[in-house]
Amino acid sequence: MLAIHHLLKAIIRRSIDMGECCNLSSSNKKNETRWQRICPQDGTKGKPVQLITLKSLLVPVALEQLNPATTYWFCPSPNCLVVYFSEQGQTFTTADLKVPVFQKNVDENVFACYCFGWSRQRIREELKQSGESNAVDMIMTHVKAKRCGCEVNNPQGSCCLENVRSVVKQTVEELAR
């Protein structure tokens with residue numbers, strides 16, 4: 001039984017390897033199958049994250065509490081302060097991170113793209129000035145050049161493109177009103 005548990009952990013780790021993080025050809029359905037455990041705070045389905053994500057983004061006091069033998073999940077709920085949680089019930093909240101979390105903080109200066117500095121405000125300014133946003137195209141160019149570091153920069157531990165697309169869409173709609 002223990003061997004099966006370790007095998008499943010290895011499969012999960014392989015499936016969320018950085019190689020797939022910003023794979024521009026991956027489908028959303030493939031990503032949906034990775035959503036698993038339930039956040040103990042608000043019941044939202046979590047997404048497994050690599051240990052390197054937590055090691056990179058937790059403040060020192062929280063990092064001291066990290067159990068490297070445990071699998072952690074990201075809670076994307078905007079109404080929940082929990083960012084990461086484990087099967088054992090351990091949680092890390094927004095206060096435990098070095099950076100604000102896009103999904104949990106609506107401030108205009110919070111990054112939608114942590115690797116290349118695209119915030120809601122930067123996207124809004126670009127749209128106001130030129131009437132369009134090149135954020136997605138610019139990020140995709142960097143991704144193709146293998147410059148992204150989502151696993152160490154983005155609290156969700158995976159590609160930001162859907163976040164950026166949603167900010168562009170929402171901002172275009174707001175500016176059209």
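This report describes the salt bridges of a predicted model.

Side chains of opposite charge can pair when their charged atoms come close. The structure holds 5 such salt bridges, and three of them are set out in the table below, each with the distance from N to O.

| Pair | Distance, N to O |
|---|---|
| Arg37 and Glu87 | 2.3 Å |
| Glu174 and Arg124 | 2.7 Å |
| Arg165 and Glu162 | 2.8 Å |

In the pair formed by Arg37 and Glu87, Arg37 sits in the loop between helix H3 (28-32) and strand E1 (47-49), while Glu87 belongs to the loop between strand E3 (82-86) and strand E4 (91-93), so this salt bridge ties together parts that lie 50 residues apart in sequence. Arg37 is partly exposed, at 38% relative accessibility, and Glu87 is also partly exposed, at 43%.

The salt bridge between Glu174 and Arg124 likewise links distant parts of the chain, since Glu174 is found in helix H9 (residues 161-176) and Arg124 in helix H6 (residues 120-130), 50 residues apart. Here Glu174 is partly exposed, with a relative accessible area of 28%, whereas Arg124 has 16% relative accessibility and therefore counts as buried, the limit for that class being under 20%. Both residues also take part, together with Glu108, in a network of salt bridges.

The pairing of Arg165 with Glu162 stays inside one element, because the two residues are 3 residues apart in helix H9 and are thus separated by about one helical turn. Arg165 is partly exposed, with a relative accessible area of 34%, and Glu162 is partly exposed too, with a value of 45%.

How values were computed
Residues are numbered from 1 along each chain as its sequence is written. This is a predicted model: local features need pLDDT of at least 70, side-chain atom pairs count only at pLDDT 80 or more; totals for chains, interfaces and linings use all residues. Side-chain values use heavy atoms; hydrogens and water are left out. A salt bridge is a side-chain nitrogen of Lys or Arg within 4 Å of a carboxyl oxygen of Asp or Glu. Helices (H or I, at least four residues) and strands (E, at least two) are DSSP runs, numbered from the N terminus. Buried means under 20% relative accessible area, exposed over 50%, partly exposed in between (1.4 Å probe, protein chains only).
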